[in-house]
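Okay, thanks for coming, everyone. I'll put the structure up and walk you through it, so stop me if something is unclear.

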Amino acid sequence: MKFTVLPTVCRHFLPAGSFILALGFISSAFAQNTFSGALPDASVDYSAPSLLEEKNDLILRNAARLALQRNPELAAFAKETQALKGVTLQAGLLPNPELTLFAENAGNLQKVNRNAAVGAKEVEQQDTTLRINQLIELGGKRAARVKAASLGEEVAEQAYEARRVELIAQVANVFTDVLAAQEQLRLAEESQRLAQRVVHTVSKRVQSGKVPPIEETKVEVAFSATEIAMVQAQRDLAAARKRLALLWGSSSPQFNKALGNLESLVALPSFEALAERALASPMALRAIKNMEQRKAVLEVEQTRRIPNLTVVAGVLNHSQTGGTTAIAGISIPLQIFDRNQGNLHEAYQRVDKAMDEQMATELRLKTELSQAYEALSAAQDETRILRDNILPRARSAFEVTNKGYELGKFGFLEVLDAQRTLFQNEVLYVRALANYQRLVNEIERLIAAPIDGALSPSASKGSNANTASRSDDE
């Protein structure tokens, strides 16, 4: 019997491991530099999800699209970005003028009796003052505020992009779990069919009197074990399908099955090429923009050391004489006690903190990339050994043992052992493939680009045929 991980038709669908298949939903800046030939059209409106994408067979691109459309956490990031646009708008507005109406001796508007006797007490008449005060900001305060607010908006945009990449990677990982669970269920069903075949063989030998009836009991016990394995595989698949649907807010999966190829492999570029891409990812750019924004806030605090100027203009109306006098003036605060010392100290410290955070982010990205890179290299060797060495021998051993049992050359225990060994190694191969695809997802999450896009020109020439077939499929 020949073992295949997935039917041949799956080669016409997108590889499971490359979560950047959906990175067309990130900013156009990433699309131009990576998967421009295979990415969906940026002008397509993804705001209205289609129910057909859920109710039919599901590919990774559509799964990522549904998550990007409906994930509430990502929507919250988008709302924060839009809110900060208002902060930038507000930072650029000029201060409003102030209108002041001041009345001295209010209400005393009676006319002065100029024929009154000498020595009579005069009543002070009302004086009315109308003034307009306009604050004029000096030292580039408004420009500094706008710059700081604009950089804060860019920090939020990079945080949004980073969250989108993480969400796509999460979708790809769960999608891989669904593919692996589907394949493990297929293996469990195949194992049960093999067990049924052995049961039939043992029954014939018992009926012919070649073996004792106890062997038929033993084989029925072994068959029951395959039923348990199949039930467990069904539960694992249902759980993986539900985890995937929950990423776009659906409590019950509506799609039929996930389509993908667990056996798709990538050409692994050099670590240096990947590290360079990781330092240009949204996670790294967010730390850089955060440092720039902190420096801009420091500039805002520095401009506040320069006092503002308030210009005053108005008129003074004298009720006693009926005359009107123009008034004008300026006011400026004296920076004697409060010279913004505390805010400046805070701003300097936050700049230093942002610089430390930026270096820590780069170190964390390189560390995680190094770990994933080494693990991916090991996983690649593991899948190759299982595919080329272990599985062919396990299949051959089962076929020979089963045929030999029919001819009376082997005992029943040898058949069961060969069947169990084959099934265990087939499951191990599927798990190794899924682990390989998850490691590819992790590296692509860190570099926010497909691994193939990080290949150097010399490495691209050496890409294997499987990589070329991936491009054709996409």
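So, the overall layout. The secondary structure of this chain is twelve helices and four strands. Keep in mind that what you see is a predicted model. There are 474 residues in the chain, and 42% of them are buried. If you take the contacts between residues at least 6 apart in sequence, 81% of those join residues at least 24 apart. As for the outside, the accessible surface is about 25100 Å², with carbon and sulfur atoms accounting for 54% of that.

Before we get into details, a word on confidence. The mean pLDDT of the chain is 80, and 79% of the residues score at least 70. Where is confidence lowest, and where is it highest? Helix α1, residues 28–33, is at the bottom with a mean of 30, while α8 is at the top with 95. Residues 1–52 stay under 50 in pLDDT, and the model gives that stretch 126 contacts beyond four places in sequence. At the other end, residues 454–474 are also below 50, with 33 contacts in the model beyond near neighbours in sequence.

Right, on to the inside. The largest nonpolar core has 40 residues, and the ones with the most contacts inside it are Leu58, Val171, Phe175, Leu244 and Trp248. Which elements each supply at least two residues of this core? Those are α3 (60–70), α5, α6 (214–246), α9 and α10. The biggest contribution is from α5, which gives 14 residues. There's also a second, separate core of 22 residues, and that one includes Ala162, Leu365, Leu369 and Leu446.

Let me stay with α3 for a moment. Nine of its eleven residues are buried, so α3 is largely enclosed by the rest of the structure. If you want to click through the buried ones, they are Leu60, Arg61, Asn62, Ala63, Ala64, Arg65, Leu66, Ala67 and Leu68. You'll spot Arg61, Asn62 and Arg65 among those buried residues.

Another helix to look at is α7, residues 271–278. Its buried residues include Ala273, Leu274, Ala275 and Ala278. And what do the buried residues of α7 pack against? They pack against α8, α9 (341–406) and α10.

Now the charged side chains. As a general reminder, side chains of opposite charge can pair when their charged atoms come close. In this model the count is 21 salt bridges, and I've picked a few of them.

Start with Glu154 and Lys289, which form a salt bridge with the closest N and O atoms 2.7 Å apart. Glu154 is in helix α5 (residues 141–207) and Lys289 is in helix α8 (residues 282–303), so this pair ties together parts that are 135 residues apart in sequence. Buried or exposed? Glu154 is partly exposed, at 24% relative accessible area, and Lys289 is partly exposed too, at 23%.

Next, Arg145 and Glu137, whose side chains meet in a salt bridge at 2.8 Å, N to O. Here Arg145 has a relative accessible area of 22%, which makes it partly exposed, and Glu137 is partly exposed at 26%.

Then there's a local one. Arg420 forms a salt bridge with Asp417, with 3.5 Å between the closest N and O atoms. Both residues lie in helix α10 (residues 412–447), three residues apart, which is about one turn of the helix. Arg420 is partly exposed at 45% relative accessibility, and Asp417 is partly exposed at 41%. Besides these pairs, Arg364, Glu368, Glu442 and Arg445 are joined into one network by salt bridges that share partners.

Last stop, back on the surface. Leu99, Leu101, Leu130, Ile132 and Val315 make a nonpolar patch of about 480 Å². The elements that give two or more residues to that patch are β1 (98–104) and β2 (127–136). Take Leu99, which lies in strand β1. At 64% relative accessibility, Leu99 counts as exposed, the cut-off being over 50%.

Okay, that's my tour. Feel free to rotate the model yourselves while we talk.

How values were computed
Residues numbered from 1 in each chain as written. Heavy atoms only, no water. Buried < 20%, exposed > 50% of the residue type's maximum accessible area, 1.4 Å probe, protein only. Contact = heavy atoms within 4.5 Å. Areas by Shrake-Rupley, 256 points an atom, 1.4 Å probe, with all protein chains shown as cover. Salt bridge = Lys/Arg side-chain N within 4 Å of Asp/Glu carboxyl O. Patch = residues over 30% accessible without salt bridge, like charges linked within 9 Å, V, L, I, M, F, W, Y side chains within 5 Å. pLDDT = per-residue confidence, 0-100. Core = buried A, V, L, I, M, F, W, Y, C linked by side-chain atoms within 4.5 Å.
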